[in-house]
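Q: Please take a close look at a single part of this model, the packing of its helices against one another. A connected account with explicit cut-offs would be appreciated.

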Amino acid sequence: YVTDEPIDLTNCEKEPIHIPGMIQPNGVLLAARRTPTGKIVQCSRNTDSFLGRTPEELLGTPLADLIGSEVMMDLVKRDLNAAASSDLQYLKIQIEVDGMPVHFTAVAHESEGLLILELEYESEEKDSEDDFRWIRTFFVKLKQSANRYTASQMAAEQVKEILGYDRVMIYEFDKEWNGKVIAEAKEANLEAFLGHHYPASDIPKQARELYLRNWLRTIVDVDYTPVEIIPTVQPLTGRPLNLSLSVLRSVSPMHIEYLKNMGVCATVTISLIHDGKLWGMITCHHYSPKYVSHRIRNLCNFLGAFFSNELYQRQQLDNYQSELRLRSEASKIAKIFTGNSSPFHVTEELYASEERLLQMMSASGAAVSYNDKLLLLGDTPTPQQVRELAGWMSGKVHNYTYQTSRLSLEFPAAAAYKEKASGALYVAMSPGQQNYMIWFRPEILQFVDWAGDPAKAVIQEDDGIRLSPRKSFEKWREVVQSTALDWKPEELNAVFELRAVVDTQTKNELQRAEEQAL
Ligand code: BLA
């Protein structure tokens, strides 16, 4: 899996983030064979400060000597593999460090045949009454919220309060894995990210796959010094220890750089999953280092899972309703063409329906070619550009339609007007395509400016990961920038209502031809 290819902005998905060989320093990691007398075979280099024993003292000794044989037996017997990311196996462990009992919270899981135990200091427990109150408030407010946007807003506000974080966002993926901030709760002095769009490459594929298995992650301080796991190689596999399910896993240096570019110091991210598919994330930012206790992490994880299902169901309902609305709008437009008006009246009516035409497809511009006349509505390329584009699109149609959300990548001439038309949806309105309609959407994606600080251009070279954001930035930006919002399935379905126009015209023409033949 390990790649020798230097990782930069254009190939993030190749970084093997599950085997960084390091952890974050807010805890200690031990890996042992999973038998009652199983020995510690790997550990993080920071055991001395947490446990008062150096790695050299621990490696090769039974884990039971450290945590006690009762706890060890429990870990051997438990079904750790069933521990879905949602309910990690937590235990309280007391270890004597320099003659004093120290309390730890441990998370246990199995990774490629080894038991992995991650210990963090136990934080002072608050009253569990508090948790119950949070849960009750959350449930009640969720039930009260009228639609998925108010529900998301409520969830963001509640999670912000529970975590005490500066900013909490609900981030939703589209089918190309681009993302949009659909709700946000933040400190008043912060710039709003609500409504911003981000490219799929911001959360690369292998990261999304991990987040499907591991539902909550936290970065305590982006300026941390990673702690090495020694020895490097997992004895059973001969490869680095697989940290896919680890809670302390050291974060990708690319992502750390990203957060620094954003000015963020600490994050909590909670996966939003439905039917085994990641549909969004609750992403939380803090602008100074912040540790979140296991108890709060658990609570957020639980609320996240509940919210995730509830919101997904609301979304299905919303989509259904918006499809019905779209179809009815589209058939109103179709009637303009199929009614018995003169061509002059058709043009008049189209101009009068400008707002409806644009709104129904969330488009910023539209062009209608009718009876050799070209109507431009809203923000569009020039008539000459539209005609050239239509000529190209007419050759691309399938079922009388063609759509793209990255026009300039497919039709390079469109680079000249990509701010106006990175998305284009074409529908032929007559069998020979003399009449047609095109909707346009602007280039929309936001991006974090990686070109910022040249001093950060290369961060870490010794382990084969080389970062050169500046070099790859321009290339990367070109791709992500030329993108518009995707045309949604229900929008594309609605377009088929307009096919009725073509069918009617075809019928009329056949009829005329027959009449002439008589
Ligand atoms: C991970 N990128 C992430 C994560 C988020 C984002 C939420 C999850 C990790 C976390 O913080 O817990 C992106 N965060 C965002 C976005 C917003 C936000 C879009 O708050 C919007 C407000 N990222 C890039 C590029 C690369 C990249 C170009 O933009 C690669 C070159 C990589 N992002 C990257 C990687 C991870 C990541 C590798 C995984 C980090 C890890 O878990 O180790």
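A: The account below treats the packing of helices H5, H6 and H9, followed by the surroundings of the ligand. The model is predicted, and local features require pLDDT of at least 70, side-chain atom pairs count only at pLDDT 80 or more, and totals for chains, interfaces and linings use all residues. Residue numbers start from 1 along each chain as its sequence is written.

The protein chain has 15 helices and 18 strands; helices (H or I, at least four residues) and strands (E, at least two) are DSSP runs numbered from the N terminus. Of the 518 residues in the protein chain, 39% are buried, a residue being buried if 20 or more other C-beta atoms lie within 10 Å of its own, exposed if 12 or fewer, and partly exposed in between, with C-beta atoms placed from the backbone.

Two packed helices are described by the angle between their axes and the distance between the axes. Axes here are lines fitted to C-alpha atoms, for helices over the stretch in contact, and angles run from 0 to 180 degrees between N-to-C directions. Angles under 35 degrees count as roughly parallel, over 145 as roughly antiparallel, 65 to 115 as roughly perpendicular and the rest as oblique.

The axes of H6 (residues 148-163) and H9 (residues 294-338) come within 10 Å and cross at roughly 175°; H6 and H9 are therefore roughly antiparallel. On the H6 side the contact includes Arg148, Ala151, Ala155, Val159 and Ile162, and on the H9 side Leu299, Leu303, Phe307 and Leu311 are among the residues; two residues are in contact if their C-beta atoms, placed from the backbone, lie within 7 Å. By class, this contact of H6 with H9 holds eleven nonpolar, two polar and three charged residues, where Ala, Val, Leu, Ile, Met, Phe, Trp, Tyr, Cys and Pro count as nonpolar, Asp, Glu, Lys and Arg as charged, and the others, Gly among them, as polar.

Helix H5 (residues 128-144) packs on H9 at an angle of about 15°, with the axes 11 Å apart, which makes H5 roughly parallel to H9. Here Asp131, Trp134, Ile135, Phe138 and Leu142 of H5 meet Leu299, Leu303, Phe307 and Glu310 of H9. That contact has seven nonpolar, no polar and two charged residues.

H5 also packs on H6, at about 165° and with axes 10 Å apart, so H5 is roughly antiparallel to H6. Trp134, Thr137, Phe138, Lys141 and Leu142 of H5 meet Ala151, Met154, Gln158 and Ile162 of H6. The classes in this contact are six nonpolar, two polar and one charged.

Turning to the ligand, 25 residues surround it, and the closest are Cys12, Tyr198, Ala207, Ser252 and Thr269; a residue is near a molecule if its C-beta atom, placed from the backbone, lies within 6 Å of it. The shell around the ligand has 15 nonpolar, seven polar and three charged residues. Its largest share, three residues, comes from H8, while strands E8 (179-186) and E10 (216-219) are among the elements that each supply at least two. Within H8, the buried residues are Met254, Ile256, Glu257 and Tyr258. Just after H8, Gly263 takes a positive phi of about 80°.
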